[in-house]
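This note sets out several points on strand pairing and helix packing for a colleague who has not yet examined the model. Please read the points alongside the display below.

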Amino acid sequence: MKSNPLHPSRNARALRITGLAAVAAIALAGCASGGDSDAGSAGGELTFSNWQFLEDGKGPIIWDAVKGYTGPNDDIELTKVEIPFANYADKLSTELGAGGGPDVMVLQDSQFASLVDAGVLEPLDDIADELGDDLNNTNEAGVFDGGQYGFNWERPTYSTVIYNKDIFAQLGLEVPTTFDEFLTTAQTIKDELGIAGWAGRHQTAEIDGWTLEMANWIYGFGGELSDGDALTIDRAENVEAVEAFLETFASGVAPIGDDASTFRAKFGQGQVGMLFENSGVATTITSNPDNAVNGQNMGAAPLPLANPGSNSQLIIAVNANSDNKEAAKDFVRWVLGEEGQTAIRAGLGASAMATDVEPDAAFLEANPWATQFLEAAKTSKSTLVEGFETESKVIWREVLTAVEDLRVNGGDVKAKLAEVQETLEAELG
């Protein structure tokens with residue numbers, strides 16, 4: 001993650017808008033029970049927060065991979081903190097802002113940037129120096145203002161279309177490589193089988209997940225929300241991307257109202273032909289023995305768009321106000337080491353990790369679709385808006401609110417995005 005070039009007043013406005021209690025965090029940091037980093041015990045209970053613990057199939061595997069960790073002196077007891085994804089970011093921001101929260105946590109990159117800016121995450125430069133070349137370049141996502149505040153826990157790429165190979169074979173379909181081919185293929189599936197040809201998020205009620213999916217369309221059509229210095233919300237490529245997204249839903253090939261858990265379950269049951277999905281979800285779908293879609297009959301290919309799409313960068317970080325920072329840092333070292341990387345790889349499937357540990361050979365043989373995700377991770381992009389990293393959630397919310405309004409009420413896309421541009425320029429200064 002690049003250094004944040006924003007003006008201090010812009011940062012302050014961004015933190016107020018995103019709801020992070022930055023003022024409380026800064027005020028409480030000095031009086032929290034954790035004290036400075038040398039004061040914490042190297043043993044005792046260590047709390048680890050990750051919404052993935054609640055994911056079917058994947059969650060138990062990840063917990064099984066880490067729960068046996070007891071630290072270098074065999075005196076650490078790891079306790080999981082389970083928070084649903086829908087309110088994970090808000091809950092953590094509130095707790096950390098008040099000087100509490102888990103000792104170690106997995107964060108999305110958008111929240112990570114704001115939390116570092118608020119001063120509630122522990123610097124981890126010493127770990128980066130210790131591990132050096134053992135870490136790959138995905139860990140650059142944990143660098144902020146020149147300091148290492150986190151490391152890559154998992155980089156699931158969304159830059160892939162997954163499809164039901166049985167449906168494609170039944171209808172004699174080829175994997176689409178362009179938007180026009182994609183829409184035609186989805187329409188054929190809908191017309192011939194009476195099921196959804198494709199599905200995706202489309203409501204601000206799922207704002208965080210929809211950001212990742214909508215970025216596929218924006219990036220896929222060659223768009224960006226900034227040029228690094230100024231916002232570019234209404235640039236031509238963004239307009240084209242939103243128009244294509246709206247056309248897809250207007251065509252009737254995609255269900256209106258289904259949330260991600262619903263349409264993912266339908267895909268697993270063979271009731272949706274295609275999804276633009278991430279590697280973590282693909283692993284979860286294919287590992288469920290009750291699904292009709294499995295590792296052999298699920299296909300994966302690059303997005304049917306001109307350019308690569310987005311990734312969901314997940315970062316492991318340490319609470320600066322933890323009572324047990326040394327134990328927390330020991331755990332992070334273990335996660336990044338060979339034992340930890342090998343252990344958690346089993347639950348993270350085809351996602352890029354902090355080191356170049358390969359998926360198990362048996363997993364790749366059972367899931368040939370996985371190689372596409374590993375390849376896509378090399379070119380997929382973060383949803384953070386360049387030059388506006390701590391304000392990314394604000395920017396995406398304005399954009400997606402406008403897209404939802406266009407989907408529901410219609411209107412001119414270019415004019416609507418121009419309004420968003422004007423609003424954000426006034427709001428962010």
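1. Helix α11, formed by residues 260-268, lies across β7, β8, β9 and β10. The helix runs at about 130° to β9. The model under discussion is a predicted one.

2. The strands beneath this description deserve their own entry. β8, β9, β7 and β10 form, in that order, an open sheet of four strands with mixed pairing. Its edge strands are β8 (196-199) and β10 (298-302), each of which pairs on one side only. On average, neighbouring strands of the sheet are turned by 20° against each other, direction ignored.

3. How do β7 and β9 run relative to each other, parallel or antiparallel? Strand β7 (residues 160-164) and strand β9 (residues 272-276) are antiparallel and are joined by three bridges. Within this pairing, Val161 stands opposite Phe276 of β9. A second helix, α8 (residues 179-193), packs on the sheet and touches β8 and β9. The direction of α8 makes about 130° with that of β8.

4. A further strand pair should be considered separately. Strand β1 (residues 44-49) runs parallel to strand β2 (residues 76-81), and six bridges join the two. Gly44 has Ile76 in β2 as its bridge partner. Between these strands the chain passes through helix α3 (residues 58-66), giving a β-α-β crossover from β1 to β2 that is right-handed.

5. One general remark may assist in viewing the strands: in a regular strand, side chains alternate between the two faces of the sheet.

Methods:
Residues are numbered from 1 along each chain as its sequence is written. This is a predicted model: local features need pLDDT of at least 70, side-chain atom pairs count only at pLDDT 80 or more; totals for chains, interfaces and linings use all residues. Side-chain values use heavy atoms; hydrogens and water are left out. Two strands pair if DSSP finds at least two bridges between them. Axes are lines fitted to C-alpha atoms, for helices over the stretch in contact, and angles run from 0 to 180 degrees between N-to-C directions. Contact means heavy atoms within 4.5 Å. A crossover is right-handed if, with the strands pointing away from the viewer, the path from the first strand over the helix to the second runs clockwise.
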